[in-house]
Amino acid sequence: MQPRNMSMSGVVDLAAVKAAQEAKAKAEQTRAEAARQGGAGAVAPADLVIDVDEAGFERDVLQRSAEVPVVIDFWAEWCQPCKQLSPVLERLAVEYNGRFLLAKIDVDANQMLMQQFGVQGIPAVFAVVAGQALPLFQGAAGEEQIRGTLDQLIQVAEQRFGLTGLVVDADAQPGAQPAPAVPAGPYDALLEAAVQALDAGDFGGAVQAYRNVLSDDPANSEAKLGLAQAELLQRVQGMDPQRVRKDAAEKPADAEAQIAAADLDLVGGHVEDAFGRLIETVRRTAGDDRDAVRRRLLELFEVVGTDDPRVVGARRALARALF
């Protein structure tokens with residue numbers, strides 16, 4: 001079988017170049033800082049190739065895809081072309097030094113994942129970047145073609161999502177948990193200013209205060225949650241609820257209408273309605289509209305809290321809608 005879907009042209013949103021450049025610069029800075037700290041949070045080369053099953057798919061693929069492109073190799077023990085392709089992918093995962101993570105899925109043991117990705121034959125190779133699935137190629141492929149596809153994937157991940165991969169330390173122990181990031185410093189004053197701005201209805205001021213914290217400490221969980229909430233309140237501040245509801249009812253496939261209605265749903269405490277609305281819109285849309293809906297849903301997950309059971313369930317539903 002000849003390889004197909006090797007091209008990834010059209011994936012990059014040129015309208016987001018400026019934001020992408022800023023995201024890339026910040027991600028590179030974070031990566032460099034981790035390297036300067038002696039490999040804090042680094043992974044061992046052996047951890048760049050992982051076996052994934054249905055139970056661990058959300059944790060090992062969807063969640064990891066927010067920090068590094070995850071390349072998925074669908075294979076089976078009886079598949080002869082797989083035995084030629086898989087070693088090449090494993091070698092390249094180590095050679096690319098953390099620019100992507102290779103997840104190997106045995107189709108015989110994980111039929112549901114195979115169906116969700118629409119795999120028609122193996123070997124089949126996909127990627128997941130920031131929760132978004134991309135087909136790469138199916139069938140045996142030459143190393144030069146594979147390298148070209150990986151280079152395009154990495155470029156897309158950097159330019160569109162600011163993902164520069166994992167820090168790899170040859171001395172790290174395989175399977176070791178990354179060291180927790182050390183906060184850059186105390187931010188009590190800035191966080192208190194953000195809360196006061198929220199209480200005063202100055203949502204723009206709150207947004208800026210939270211962003212000031214995150215510019216120095218991107219992992220600050222309190223600032224992440226506060227920023228998501230402040231941005232949501234800022235968006236709905238000038239809305240006409242009746243008009244928004246009317247537009248959403250009349251235009252079920254209109255991404256902007258459904259996104260606005262979902263914001264109102266969440267502010268009104270209708271969490272599951274907001275999630276369900278956007279997941280259904282993901283199914284109905286494609287291209288840039290679909291990506292905009294997916295991004296807003298991920299933002300709303302931050303508002304509610306990623307450990308909330310409703311978020312966990314919605315993540316699974318989103319994965320099914322995307323695949």
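**Notebook: two helix pairs**

I looked up the first pair: A255, Q258, I259, A261, A262, D265 and L266 in helix 10 meet V271, D273, A274, R277, L278 and T281 in helix 11. Contact here means heavy atoms within 4.5 Å; helices (H or I, at least four residues) are DSSP runs numbered from the N terminus. I sorted this contact by class and got 8 nonpolar, 2 polar and 3 charged residues. Nonpolar covers Ala, Val, Leu, Ile, Met, Phe, Trp, Tyr, Cys and Pro, charged covers Asp, Glu, Lys and Arg, and polar covers the others, Gly among them.

The model is predicted, with pLDDT of at least 70 needed for local features and 80 or more for side-chain atom pairs, while totals for chains, interfaces and linings use all residues. Residues are numbered from 1 along each chain as its sequence is written, and side-chain values use heavy atoms, leaving out hydrogens and water.

I then took the geometry of helix 10 (residues 255-267) and helix 11 (residues 271-284): the angle is about 165 degrees and the axes are 7 Å apart. Axes are lines fitted to C-alpha atoms over the stretch in contact, and angles run from 0 to 180 degrees between N-to-C directions. Helix 10 and helix 11 are therefore roughly antiparallel (over 145 degrees).

Second pair: helix 8 (residues 221-236) and helix 12 (residues 287-304) have axes that come within 8 Å and cross at roughly 120 degrees. That makes helix 8 oblique to helix 12, oblique being whatever is left after under 35 (roughly parallel), over 145 (roughly antiparallel) and 65 to 115 degrees (roughly perpendicular). I listed K224, L225, A228, Q229, L232 and R235 in helix 8 as meeting R296, E299, L300, E302 and V303 in helix 12. These divide into 5 nonpolar, 1 polar and 5 charged residues.
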